[in-house]
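Got the viewer open? Let's take a walk through this one, a stop at a time.

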Amino acid sequence: MLSRYKRAVEEAISRLPVKNGVVDIDSIWVETSLPYDLIQEILSRDDLVLPENVERINTKSLIQTGGSGGKKK
């Protein structure tokens, strides 16, 4: 089951904009609608295949999960 989510994350990353070799976890979340904890679990796997133009993934979210308005207080 986790392999399906892994494949979905890999495909989403290949479609996302890359800025200076970095993709944000928030972009992956918006693209896949998977829970953050599941995305983080998938990103920590050794067998995750990233596109050549992606050097790293920023796992610090700029969107508050579970809150309203999308701003941290």
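Start by selecting helix H3 together with its surroundings: the cover over its buried residues includes helix H1 (2-15), helix H2 (25-32) and strand S2 (56-58). Keep in mind that you're looking at a predicted model. Average pLDDT for the protein chain is 87, and 86% of the residues score at least 70.

Now show side chains on H3, residues 36-43. Its buried residues are Tyr36, Leu38, Ile39, Ile42 and Leu43. Turn the view until you look down the axis of H3: these buried residues fall within an arc of 160 degrees, so they line one face of the helix.

**Into the core**

Next, select Val9, Ile13, Val23, Ile28, Ile39, Leu43 and Ile57. In the largest nonpolar core, which has 15 residues, these touch the most other members. H1, H2 and H3 are the elements that each supply two or more residues to this core, and H3 gives the largest share, with 5 residues.

Zoom in on Val9. Which residues does Val9 touch, not counting those up to four places away in sequence? You should find Ile28, Leu34, Ile42 and Leu43.

Then jump to Leu50, in the loop between H3 and S2. Leu50 is partly exposed, at 32% relative accessible area. Leaving aside neighbours within four places in sequence, Leu50 is in contact with Ile13 and Ile57. Try a C-alpha to C-alpha distance from Leu50 to Glu11: 9.1 Å in space, with their positions 39 residues apart in sequence.

**The aromatic stop**

The structure holds 1 aromatic pair. Pick Trp29 and Tyr36: the pair is stacked, 5.4 Å centre to centre, with 20 degrees between the planes. Is each ring's residue buried or partly exposed? Trp29 is partly exposed, with a relative accessible area of 29%, whereas Tyr36 is buried at 11%.

**Three salt bridges**

Now colour the charged side chains and look for the 3 salt bridges.

- Glu10 and Lys6: the closest N and O atoms are 2.9 Å apart. The two residues sit 4 residues apart in helix H1, which means about one helical turn separates them. Glu10 is buried, with a relative accessible area of 14%, and Lys6 also counts as buried, at 13%.
- Glu31 and Arg15: their side chains meet at 3.0 Å, N to O. Because Glu31 lies in helix H2 and Arg15 in helix H1, the pair ties together parts that are 16 residues apart in sequence. Glu31 counts as partly exposed at 37% relative accessibility, while Arg15 counts as exposed at 52%.
- Arg45 and Asp47: here the closest N and O atoms are 2.8 Å apart. Arg45 is partly exposed at 27% relative accessibility, and Asp47 is partly exposed at 39%.

**Two backbone oddities**

Most residues other than glycine have a negative phi. With that in mind, select Asn20, in the loop between H1 and strand S1 (22-24). Asn20 isn't a glycine, yet has a positive phi of about 55 degrees. Asn20 is exposed, with a relative accessible area of 70%.

Now hop to Ser33, in the loop between H2 and H3. Ser33 has a positive phi too, about 60 degrees, and is not a glycine. At 61% relative accessibility, Ser33 counts as exposed.

**Last stop, with a caution**

Finish at residues 66-70, where pLDDT stays under 50 and the model has 2 contacts beyond four places in sequence. Where pLDDT is low, don't read the predicted coordinates in detail.

Note on methods
Residues are numbered from 1 along each chain as its sequence is written. This is a predicted model: local features need pLDDT of at least 70, side-chain atom pairs count only at pLDDT 80 or more; totals for chains, interfaces and linings use all residues. Side-chain values use heavy atoms; hydrogens and water are left out. pLDDT is the predictor's confidence in each residue, from 0 to 100. Contact means heavy atoms within 4.5 Å. Rings of Phe, Tyr and Trp (its six-membered ring) pair if their centres lie within 6.5 Å; planes under 30 degrees apart count as stacked, over 60 as edge-to-face and the rest as tilted. Buried means under 20% relative accessible area, exposed over 50%, partly exposed in between (1.4 Å probe, protein chains only). The arc is that of the directions from the helix axis to the C-beta atoms. A nonpolar core is a set of buried Ala, Val, Leu, Ile, Met, Phe, Trp, Tyr and Cys residues joined through side-chain atoms within 4.5 Å. A salt bridge is a side-chain nitrogen of Lys or Arg within 4 Å of a carboxyl oxygen of Asp or Glu.
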